[in-house]
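Reader: I would like to see how the labels used for this model are justified. Please set each value against its cut-off.

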Amino acid sequence: MIQDVVAVLNSSFVQVFEKARILKAGIGPTSKAMEHPLETGATVTDHRIILPVTVELSMLLTSEDYPAVYLQVSDLFKKGELLIVQTRVSSFPDMLIEKMPHEETGDIFDGVALAVSLKQAQFVQPQFSTLKVKQPRDSTTVKRGQQQPKETPPTAGRRTSILGSMFK
């Protein structure tokens with residue numbers, strides 16, 4: 001019996017597409033360095049963002065199993081089910097099948113080469129809190145009912161500007 005080095009598990013920790021032979025797993029934890037231009041023309045890098053993990057699985061499906069295994073991979077791809085990729089080094093939870101291209105050539109006449117790309121889904125839990133007003137006068141408006149406009153007092157006795165007297 002062949003021992004699997006890489007296993008893909010569902011949320012119940014049951015191995016999925018176990019009849020596929022995973023030939024190679026490329027794990028890609030990456031980050032993005034944030035760069036900002038300066039007035040001098042130079043660029044400064046001040047922090048980085050860690051991006052979701054990607055896993056590339058190269059699989060070989062044998063002729064007796066490839067219709068069922070391909071259908072299972074396609075079904076998981078369409079459903080968007082979260083999977084766990086278990087390797088020798090680590091376990092990668094919350095993985096979605098992002099791509100699943102395959103090759104059908106005469107070189108592999110009794111099987112299908114399938115490349116499955118998985119990407120880690122990252123979830124955010126929003127946090128809500130109430131804000132306290134620093135100044136009580138800035139708090140909610142007092143309900144004062146409907147207000148009538150006030151008439152402006154006459155301009156008699158007020159000083160007017162030179163421009164104001166020109167445009168009367």
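**Labels and their grounds**

Reader: Why is Ser117 called buried?
Author: This is a predicted model. Ser117 has 4% relative accessibility. Buried means under 20%, so Ser117 counts as buried.

Reader: Where is Ser117 found, and what does Ser117 touch?
Author: Ser117 is found in strand β9. Not counting residues up to four places away in sequence, Ser117 touches Val55, Glu56, Leu96, Ile97, Glu98 and Lys99.

Reader: Why does Met95 count as buried?
Author: Met95 is at 0% relative accessibility. The cut-off is under 20%, so Met95 counts as buried. Met95 is found in strand β7.

Reader: How far apart are Met95 and Leu118 in sequence and in space?
Author: They are 23 residues apart in sequence. C-alpha to C-alpha, Met95 and Leu118 are 5.8 Å apart in space.

Reader: What makes Met95 and Leu118 a contact?
Author: Contact means heavy atoms within 4.5 Å. Leu118 is among the residues in contact with Met95, once neighbours within four places in sequence are left aside. The others are Val53, Val55, Glu81, Leu82, Leu83, Val85, Lys119 and Gln120.

Reader: Which residues have the most contacts inside the largest nonpolar core?
Author: They are Phe17, Leu57, Val73, Ile97, Val116 and Leu118. This core has 22 residues. Two or more residues come from each of β5 (54-62), α1 (66-79), β6 (83-86), β7 (91-99) and β9 (111-120). β5 gives the most, with four residues.

Reader: Which residues is Ile97 in contact with?
Author: With neighbours within four places in sequence left aside, Ile97 is in contact with Val73, Leu76, Phe77, Leu83, Val116, Ser117 and Leu118.

Reader: What makes the side chains of β5 alternate?
Author: The two faces carry separate sets. Val55, Leu57, Met59 and Leu61 point to one face and are buried. Thr54, Glu56, Ser58, Leu60 and Thr62 point to the other and are not buried. In a regular strand, side chains alternate between the two faces of the sheet.

Reader: How do you know that β5 pairs with β2 and with β9?
Author: Two strands pair if there are at least two bridges between them. Seven bridges join β2 (residues 21-28) to β5. Nine bridges join β5 to β9. Therefore β5 pairs with β2 and with β9. β2 and β5 run antiparallel, and β5 and β9 run antiparallel.

Reader: Which residues stand opposite Ser58 in these pairings?
Author: Lys24 stands opposite Ser58 in β5. In β9, the bridge partner of Ser58 is Ala115.

Notes:
Residues numbered from 1 in each chain as written. Predicted model: local features only at pLDDT ≥ 70, side-chain atom pairs only at ≥ 80, totals over all residues. Heavy atoms only, no water. Core = buried A, V, L, I, M, F, W, Y, C linked by side-chain atoms within 4.5 Å. Buried < 20%, exposed > 50% of the residue type's maximum accessible area, 1.4 Å probe, protein only.
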